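Below are my comments on the model, set out as numbered points. Please read them with the coordinates open.

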Amino acid sequence: RKVTLENVTPDAFSQVLKFIYTENTSFPQECDVLDVHSAAILLALPELEQACLTEMLHRVSVENVIRFMRYAKMHGIKELKERCIEYTGSSLTVFTNVMLTKDYGVLFIKDPILHNEMITAYAGKK
């Protein structure tokens, strides 16, 4: 019998299996923690969800902040969304570098409300 899990990548499922069998929640740097988090939600693994959230909070960077912010909004993860907004507003250099990413253009077009939250956070730091 074959079971298909829609929208769960093989790498994410590998991390899920590692967690189930070993309770190990360390993630290789190349691991897409958002994919693992989505799989943890789908498979009702709250401990893995929390481990993924902790990892995402530590991994916020110029390259992924907008992706993380949109994911947080989509899944109602207030702590991650706030961390991302705080990060983008942390300095002019960070804010400028985030604006230069391709994800910034997508955010500007697809989610103007979230974009405004990010701008407001930066403006409030000045």
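**Notes on the predicted model**

1. Tyr122 has a relative accessible area of 13% and is therefore buried. The model is a predicted one, and the values in these points are to be read with that in mind.

2. Phe95 is likewise a buried residue, with a relative accessibility of 7%. The count of aromatic pairs comes to one. It is formed by Phe95 and Tyr122, whose ring centres are 4.3 Å apart; their planes meet at 10°, so the pair is classed as stacked. The cut-off behind that class is planes under 30 degrees apart. Phe95 belongs to helix H6 (residues 92–99) and Tyr122 to helix H8 (residues 112–125); the two residues are 27 residues apart, and the pair thus links distant parts of the chain.

3. Helix H1 covers residues 10–22. For its 13 residues, a rise of 1.5 Å a residue predicts a span of 18 Å, and the end C-alpha atoms are indeed 18 Å apart, so the two values agree.

4. Which residues of H1 are buried? They are Ala12, Gln15, Val16 and Phe19. These residues lie on the same side of H1, because the arc they cover around the axis is only 100°. The spacing has a general background: an α-helix has 3.6 residues a turn, so residues three or four places apart point the same way. Pro10, Asp11 and Tyr21, on the other side of H1, are exposed.

5. The packing partners of the buried H1 residues are helix H2 (33–42) and helix H3 (46–59). Just after H1 comes Glu23, which has a positive phi of about 60°. This backbone value deserves a look in the viewer.

6. How many disulfides does the structure hold? The number is zero. The sulfur of Cys31 has its closest cysteine sulfur in Cys52, at 7.3 Å, which is too far for a bond. The cut-off for a disulfide is a pair of sulfur atoms within 2.5 Å. Seen from the other side, Cys52 is in no disulfide, and its nearest cysteine sulfur is that of Cys31.

7. Are these cysteines buried or exposed? Cys31 has a relative accessible area of 12% and is therefore buried. Cys52 has a relative accessibility of 0%, so Cys52 is buried too. The threshold applied here is under 20% relative accessible area.

Conventions: Residues numbered from 1 in each chain as written. Predicted model: local features only at pLDDT ≥ 70, side-chain atom pairs only at ≥ 80, totals over all residues. Heavy atoms only, no water. Helix = DSSP H or I, 4+ residues; strand = E, 2+ residues; numbered from the N terminus. Expected span 1.5 Å × (residues − 1). Buried < 20%, exposed > 50% of the residue type's maximum accessible area, 1.4 Å probe, protein only. Arc of directions from axis to C-beta. Contact = heavy atoms within 4.5 Å. Phe/Tyr/Trp six-rings, centres within 6.5 Å; stacked < 30°, edge-to-face > 60°.
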